[in-house]
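This briefing concerns the aromatic rings of one protein structure. It turns first to ring pairs and then to charges placed over rings.

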Amino acid sequence: MKNILLTALLVSLSWTSKAQNKTTMETQHQDSIAISQVLENSYFKGIYEGDVTLLKSVYYPGTLLFGDVKGQPYAKTLPEYLDGVQHRQSPKNSGKLFKGEIITIKVVNSIAIAEVRVSMYDFVYHEFLSFHKFDGKWLLVNKMISDTAGQPVTATENKAYVVAYMDILPAFEKQVKDALNVMAEESNKEPGCEQFTVNTKKDAPLSIVVYEIYSNEEAFQVHKTSPHAKNFFEFVKGKIVNDHIQVDLLSGLNH
């Protein structure tokens with residue numbers, strides 16, 4: 001009887017531990033997506049448009065910024081940084097290249113580190129951004145930057161390569177293809193999306209193959225939860241075979 005009770009207790013403890021681990025992983029995944037959305041929708045957008053109000057919503061008051069620019073030491077308080085943003089020509093108005101990329105996000109309970117790259121004007125900033133969760137909201141509490149313009153970039157192994165397949169029901173060919181064109185247009189606007197291309201098989205015009213590249217896994221997760229993706233998934237119900245979209249993640253042999 002004691003052996004039976006001990007076995008039951010061990011099984012219960014094992015199940016509880018697995019359940020707790022699963023819950024922790026799911027929480028970290030959701031937090032990672034939340035931080036990705038802060039970066040994509042507020043941080044990168046605020047820098048690109050020179051929107052100081054939007055940038056203020058990202059930073060915790062008193063945040064400090066350190067690093068180097070063109071080989072020279074860089075140190076600013078948050079007010080100094082925001083004042084500089086407000087009085088410079090924004091990348092959007094300059095017409096020059098701007099690109100914000102999420103490389104990695106690491107979450108541990110209420111703290112997180114995001115590694116990102118911001119290309120603007122003649123600079124390529126490699127950044128480490130420290131986040132803390134305040135009352136359910138992730139805020140940037142420290143920013144470290146280094147200008148790496150002219151230096152080789154070797155982070156391609158972090159990219160997410162995706163191929164999606166679906167077959168359109170004949171009666172809905174035009175509707176679904178029109179929706180795919182909208183989906184491609186909106187997806188290619190995402191800072192973390194490097195390519196979203198819709199194709200049909202040469203001998204089967206109803207068979208769709210979508211090739212996608214994202215700067216990293218977090219950018220792909222942001223894409224899947226974007227309003228245009230959710231709208232598309234809802235729209236194609238009943239219009240594609242078995243309501244099924246097959247998604248395959250690719251990994252290059254040299255990654």
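The points below are grouped by topic.

The model is predicted. It holds eight aromatic pairs, among them a stacked pair formed by Tyr 60 and Phe 134. Charged side chains also matter to this account, since Lys 239 lies over the face of Phe 235 and its charged end sits over the ring of Phe 172.

**The stacked pair**

- The ring centres of Tyr 60 and Phe 134 are 4.7 Å apart, with 5° between the planes; planes under 30 degrees apart count as stacked.
- Tyr 60 belongs to strand 1 (residues 59–69) and Phe 134 to strand 5 (residues 123–134), so this pair ties together parts that are 74 residues apart in sequence.
- Tyr 60 is partly exposed, at 37% relative accessibility.
- Phe 134 is likewise partly exposed, and its relative accessible area is 27%.

**The tilted pair**

- Tyr 214 and Phe 220 form a tilted pair, because their planes stand at 40° with the ring centres 5.3 Å apart.
- Tyr 214 and Phe 220 are both buried.

**The ring cluster**

- Tyr 43, Phe 44, Tyr 59 and Tyr 81 are linked into a cluster by ring pairs.

**Charge over rings**

- Lys 239 lies 4.4 Å from the ring centre of Phe 235, over the face of that ring.
- The charged end of Lys 239 also sits over the ring of Phe 172, at 5.8 Å from its centre.

Definitions and conventions. Residues numbered from 1 in each chain as written. Predicted model: local features only at pLDDT ≥ 70, side-chain atom pairs only at ≥ 80, totals over all residues. Heavy atoms only, no water. Phe/Tyr/Trp six-rings, centres within 6.5 Å; stacked < 30°, edge-to-face > 60°. Helix = DSSP H or I, 4+ residues; strand = E, 2+ residues; numbered from the N terminus. Buried < 20%, exposed > 50% of the residue type's maximum accessible area, 1.4 Å probe, protein only. Lys NZ or Arg CZ within 6 Å of the ring centre and 35° of its normal.
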